Amino acid sequence: MRVIMGIASLGSLWAVLLLPLVFGVPTEEPTFEESVASNRPKGCQRCCDPEDPTSSAGPGHASVSPSFPYVMPEVRPYINITILKGEKGARGPSGTPGKPGKNGTRGDRGPQGVKGDKGQAGNPGSPCQLHYSAFSVGRKTALHSSEDFVTLRFDRVFVNTDGHFDMATGRFVAPLRGLYFFSLNVHSWNYKETYVHIVHNNQAAVILYTQPSERSIMQSQSVMLPLAPGDHVWVRLFKRERENAIYSDDVDTYITFSGHLIKAEDN
């Protein structure tokens with residue numbers, strides 16, 4: 001009996017020595033949880049005994065791996081993405097511009113800047129050439145027309161710059177080419193016609209006319225004329241079917257004739 005037990009003990013020793021050669025050396029140490037689970041007491045078991053009958057499952061259950069203190073490692077692949085990342089590429093072309101947005105609100109006015117330096121003086125301009133020509137004359141004597149034209153002459157001077165109005169002939173003589181303005185004021189006579197022309201050279205420019213009436217009233221006429229140097233402007237009366245006359249007296253001046261240069265055309 002002792003011989004048989006010695007042989008059995010010797011066979012168990014050889015089995016323990018041959019286990020690493022049969023199943024291989026573990027490539028990874030078991031974790032703490034796996035070591036605890038494997039070191040739990042399962043009761044005494046001989047090497048020649050069959051597997052734990054309690055672990056045997058009936059048909060349809062997965063078989064349990066043989067119990068030994070080493071667990072096969074689980075292989076999990078790992079790819080380092082940073083190794084696969086390439087170099088930064090060149091900048092691509094610009095895309096199509098988008099639609100412009102709405103205009104924003106206007107901002108506040110900024111502070112006033114520093115005053116700049118004074119600039120250089122410009123070249124002197126051409127001297128101004130001012131031309132004047134004006135007259136204003138009056139008459140205190142009444143006048144009746146005859147069978148022919150009668151030139152209206154004046155006996156009082158209000159303004160006559162440079163003597164351009166000839167008091168002897170009753171005519172204004174234009175000194176410069178340009179645009180002139182003229183005005184005539186007369187007083188009509190009771191029950192008589194008042195028919196007067198403002199004449200440019202020998203052509204009637206405008207007419208001042210009043211029908212016969214029991215009342216005498218003031219009448220006026222004005223005109224602008226383009227004149228050349230030496231042109232004449234004057235006033236005349238003439239007879240028609242009825243008697244033609246203008247009223248005045250020795251006290252007040254009822255008749256006036258005035259004119260002045262508006263714009264000269266000469267350089």
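In which strand is L179 found? The legends below, written for a predicted model, begin with that residue and then move on to other views.

**View 1. L179 and its nonpolar neighbours form a patch on the surface.**
L179 is found in strand β7. Together with M224 and I262, L179 makes a nonpolar surface patch of about 250 Å². L179 has a relative accessibility of 30%, so it counts as partly exposed. The strand that holds L179, β7, spans residues 178-187, and the next view shows the sheet to which β7 belongs.

**View 2. Five strands make an open, antiparallel sheet.**
Follow the strands across the sheet and you will meet them in the order β4-β1-β13-β7-β10. At the edges are β4 (156-160) and β10 (218-227), each of which pairs on one side only. From one strand to the next, the twist averages 10 degrees. As a reminder for newcomers, strands of a sheet pair through backbone hydrogen bonds, and the pairing can be parallel or antiparallel.

**View 3. Strand β13 pairs with β1 and with β7.**
Start with β1 (residues 134-139), which is joined by six bridges to β13 (residues 255-264), the two strands running antiparallel. A handy landmark here is F135, which stands opposite G259 in β13. Now turn to β7, which pairs with β13 over eight bridges, again in the antiparallel sense. Here you can look for G178, which stands opposite A264 in β13.

**View 4. Strand β10 pairs with β7 at an edge of the sheet.**
How many bridges does the pairing of β7 and β10 involve? There are ten, and the two strands run in the antiparallel sense. To find your place along them, look for L184, which stands opposite Q221 in β10. Another residue to pick out is M218, found in strand β10. M218 counts as partly exposed because its relative accessibility is 46%. Although M218 and Y247 are 29 residues apart in sequence, their C-alpha atoms are 9.5 Å apart in space.

**View 5. F154 and F257 stack as an aromatic pair.**
The count of aromatic pairs in this model comes to 16. In the pair formed by F154 and F257, the rings are 6.0 Å apart, centre to centre, with 20 degrees between the planes. This pair links distant parts of the chain: F154 sits in the loop between β3 (150-151) and β4, while F257 sits in strand β13, 103 residues apart. Are these two residues buried or exposed? Both F154 and F257 are buried. Widen the view and you can see them within a cluster, where ring pairs link F135, F154, F165, F172, Y180, F182 and F257. One member of the cluster, F135, also appeared in View 3, opposite G259.

**View 6. Strand β11 is largely enclosed by the rest of the structure.**
Why is β11 (residues 232-237) described as largely enclosed? Five of its six residues are buried, so the rest of the structure largely encloses this strand. Several strands pair with β11, and each pairing has a residue you can use as a guide. Two bridges pair β3 with β11 in the antiparallel sense, and T151 has R236 in β11 as its bridge partner. Strand β6 (residues 171-173) is joined to β11 by three bridges, and the two run antiparallel; here the partner of V173 is H232 in β11. Strand β8 (residues 194-200) also pairs with β11 in the antiparallel sense, over five bridges, with H200 bridged to V233 in β11.

**View 7. D162 has a positive phi, and so does Y191.**
This last view visits two loop residues. D162 lies in the loop between β4 and β5 (165-166), and its phi is positive, about 60 degrees, although D162 is not a glycine. With a relative accessibility of 65%, D162 counts as exposed. Y191 belongs to the loop between β7 and β8. The phi of Y191 is positive too, at about 60 degrees, although this residue is not a glycine. Is Y191 buried or exposed? Its relative accessibility is 60%, so Y191 counts as exposed.

Terms used. Residues numbered from 1 in each chain as written. Predicted model: local features only at pLDDT ≥ 70, side-chain atom pairs only at ≥ 80, totals over all residues. Heavy atoms only, no water. Pairing = 2+ DSSP bridges. Helix = DSSP H or I, 4+ residues; strand = E, 2+ residues; numbered from the N terminus. Axes fitted to C-alpha atoms, helices over the stretch in contact; angles between N-to-C directions. Patch = residues over 30% accessible without salt bridge, like charges linked within 9 Å, V, L, I, M, F, W, Y side chains within 5 Å. Areas by Shrake-Rupley, 256 points an atom, 1.4 Å probe, with all protein chains shown as cover. Salt bridge = Lys/Arg side-chain N within 4 Å of Asp/Glu carboxyl O. Buried < 20%, exposed > 50% of the residue type's maximum accessible area, 1.4 Å probe, protein only. Phe/Tyr/Trp six-rings, centres within 6.5 Å; stacked < 30°, edge-to-face > 60°.
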